[in-house]
Amino acid sequence: MTVSETPWWKDAVVYQVYPRSFADSDGDGIGDLEGLRGRLDYLADLGVDAIWLTPFYPSPLHDGGYDVADYRDVDPRLGTLAGFDALLADAGGRGIRVIADLVPNHCSWDHPLFRAALAAGPGGRERDLFTFRPGRGADGSQPPNNWPSAFGGPAWDRAREVPGQPGGAGAPDEDWYLHMFDVSQPDFNWHHPAVVAMFEDILRFWLDRGVAGFRVDVAHGLFKDATLADTPSPERSHAPSGYYHQPELHALYRTWRKIADSYPAATFPGPRTAVGEVWYDKPSTLRPYLAPDELPQVFNFGFILSPWDAASVRAAIDATYAMSDGSQAPWVLGNHDVVRPVTRFGSPAAARATALVQLALPGSAYIYQGEELGLPEVLDIPDSARQDPTFHRTGGRRIGRDGCRVPLPWSTSSPSYGFSITGSGHSSPAWLPQPTGWGTYSVEAERDDPASFLSLYKAALRLRRSHPALGGTGALRWLDADAAGPSPIRQPEGTDGRPPKGQLHFRREPGFELFANLGPDPVPAPPHREVLLASSPLPDAGGSALVPPGTTVWLAV
Ligand code: GLC
């Protein structure tokens, strides 16, 4: 298949699949690659250009697979390498590309390199691939520095406490090792050339198999300040620090870009991409990652961090749009790490309205599985069923991310609401419990309902493809009091305790306007020829459309 050399990723709609929660083909209650392969028609019908698969590699699953024990294989519970190839082929047959998740900051404590490092003992050269250090204090019983783990507690643990560590032989193992996430996720030492070389091989391994690119996990991590000096504030933040946003990252990403660009662009899947998960404190921290010879893309988390009011949503759009259009910084409403939009924005209506804002912006958009069904966050998972290390490392103070990872409902009926699609009908319960009533959000329930989330997403994605102003990277122009440019929007603050009033109104050429009413009162739609799509039903107001609160409309003008 020949494809245009204009990078497809610039305006792609990418669907994020969390494989263990998408579809289960063998009834063990765990989603797998074969389950996904069986549901590709659903994704083709939805109208996505690519899927991003979160990790499917062999893993002891202490962090949902982001603890990788082998970077070049498929976890046997999820499938095989041959099954992965078949998935790629079948997806490609539908014009759907596959993006793999690369986890370079850390591996699993079950990775053979870490096991070899443990076995080597203090001073062993194998330890140089990670960060092992003696502890502080007279007896070395304090961690080597004050860095915090993202999941709570210190970023260090003692080597001798790793389960399965033989110990006993030779000198006692007094070393600590660095893990910026879970204790089971030792950080690689990116200053070591063998680590750099290994990941170049891993990139090529998957690119040779035909992936269209990578999502790069914790792309602002990897290199650590070699002095390992204490951080002034032991509170974990996304600001530049000894463990985030180190300058060496940029040369690394220039190398990775060259590797990606060395694959032929003229045949499917087209120019390869890599999209970095870069969390940042302010736009200036993100800016260096947008250099044209580094990773093609970084996520734009503005919507995830924004409260749901017009001024904040507009500020979130403007902040990144001022530096780069959405082609380099795809728009994201949610993912497997954050509270689902329906719950975060406060209502299904708010999530629908925001989805239409997201999908009308220039550039690329990512949809996390289940957003198109309007799944809410599941808040009442029993403690005993919770899996996220954040929950366990904070003694339950932070509830963790399980609530957005509950297996998808495909049908209205039990067991597992169609998540397990075995011929026999028998299946184990889903690996995370699905709440009662989950079937009302199922694909079966929503497919033929014109008022459903699924119908809204399908209509929006169809229009994105067919309307000449949508999709693509053509600019947007704000149409309001501040239309001159990305200056802060002026919105009157509510004086009676109600949220501030506000609307979003922009135009894209030719002939498209988006109007979102995020204020408390209905407002007339701006002049238009036709309402192309509305996130909620519009009341009939005698010929002129009245846009209810919490509603976005797409207008032909
Ligand atoms: C990223 C992933 C998250 C994981 C963490 C550590 O933030 O999205 O799920 O826990 O990295 O790998």
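These legends walk through several close-up views of a predicted model.

**View 1. Helices α11 and α14 pack against each other.** Two packed helices are described by the angle between their axes and the distance between the axes. Here, helix α11 (residues 348–360) meets helix α14 (residues 453–466) at an angle of about 10 degrees, and their axes are 10 Å apart. That angle makes α11 roughly parallel to α14. On the α11 side, look for Pro-348, Ala-351, Arg-352, Ala-355, Leu-356, Gln-358 and Leu-359. Their partners on α14 are Phe-453, Leu-456, Tyr-457, Ala-460, Leu-461 and Arg-464. Sorted by class, this contact has 10 nonpolar, 1 polar and 2 charged residues.

**View 2. Helix α11 is mostly covered.** How many of the 13 residues of α11 are buried? The count is 11 of 13. The run of buried residues includes Ala-350, Ala-351, Arg-352, Ala-353 and Thr-354. It continues with Ala-355, Leu-356, Val-357, Gln-358, Leu-359 and Ala-360. From its first C-alpha to its last, α11 reaches 19 Å, close to the 18 Å expected at 1.5 Å a residue.

**View 3. Ser-466 belongs to helix α14.** Is Ser-466 buried or exposed? Ser-466, found in α14, counts as exposed because its relative accessibility is 56%. To get a feel for distances in the model, find Pro-240 as well: Ser-466 and Pro-240 are 42 Å apart in space, C-alpha to C-alpha. In sequence, the two are 226 residues apart.

**View 4. Helix α3 crosses helix α5.** Helix α3 (residues 81–93) and α5 have axes that come within 10 Å and cross at roughly 55 degrees. The two helices are therefore oblique to each other. From α3, the contact uses Leu-81, Phe-84, Asp-85 and Leu-88. From α5, it uses Phe-205, Trp-206 and Arg-209. By class, there are 5 nonpolar, no polar and 2 charged residues in this contact.

**View 5. Several elements cover the buried residues of helix α3.** The buried residues of α3 are Leu-81, Gly-83, Phe-84, Leu-87, Leu-88, Ala-91 and Gly-92. What covers them? The cover includes α1 (33–37), α2 (40–46), β2 (50–53), β3 (97–102) and α5. The end C-alpha atoms of α3 are 18 Å apart, which agrees with the 18 Å that its 13 residues should span at 1.5 Å a residue. After α3 comes Gly-95, whose phi is positive, near 75 degrees.

**View 6. Glu-174 forms salt bridges with Arg-158 and with Arg-160**. The side chains of Glu-174 and Arg-158 meet at 3.0 Å, N to O. Arg-158 sits in strand β5 (residues 156–158), while Glu-174 lies in the loop between β5 and β6 (176–178), so to speak 16 residues away along the chain. Glu-174 also meets Arg-160, at 3.2 Å, N to O. Arg-160 lies in the loop between β5 and β6, 14 residues apart from Glu-174. Which of these residues are buried, and which are partly exposed? Arg-158 counts as buried because its relative accessibility is 9%. Glu-174 is partly exposed, with a relative accessible area of 35%. Arg-160 counts as partly exposed at 39% relative accessibility.

**View 7. Lys-224 and Asp-187 form a salt bridge**. The closest N and O atoms of this pair are 2.7 Å apart. Lys-224 lies in the loop between β7 (213–216) and α6 (249–261), and Asp-187 lies in the loop between β6 and α5 (193–209), so the pair ties together parts that are 37 residues apart in sequence. Lys-224 is buried, with a relative accessible area of 6%. Asp-187 is buried too, with a relative accessible area of 0%.

**View 8. A network of salt bridges links five named residues**. Its members are Asp-63, Asp-337, Asp-388, Arg-401 and Arg-405. How many salt bridges does the structure hold? The structure holds 29 salt bridges.

Note on methods:
Residues are numbered from 1 along each chain as its sequence is written. This is a predicted model: local features need pLDDT of at least 70, side-chain atom pairs count only at pLDDT 80 or more; totals for chains, interfaces and linings use all residues. Side-chain values use heavy atoms; hydrogens and water are left out. Axes are lines fitted to C-alpha atoms, for helices over the stretch in contact, and angles run from 0 to 180 degrees between N-to-C directions. Helices (H or I, at least four residues) and strands (E, at least two) are DSSP runs, numbered from the N terminus. Angles under 35 degrees count as roughly parallel, over 145 as roughly antiparallel, 65 to 115 as roughly perpendicular and the rest as oblique. Contact means heavy atoms within 4.5 Å. Ala, Val, Leu, Ile, Met, Phe, Trp, Tyr, Cys and Pro count as nonpolar, Asp, Glu, Lys and Arg as charged, and the others, Gly among them, as polar. The expected span of a helix is 1.5 Å times one less than its number of residues. Buried means under 20% relative accessible area, exposed over 50%, partly exposed in between (1.4 Å probe, protein chains only). A salt bridge is a side-chain nitrogen of Lys or Arg within 4 Å of a carboxyl oxygen of Asp or Glu.
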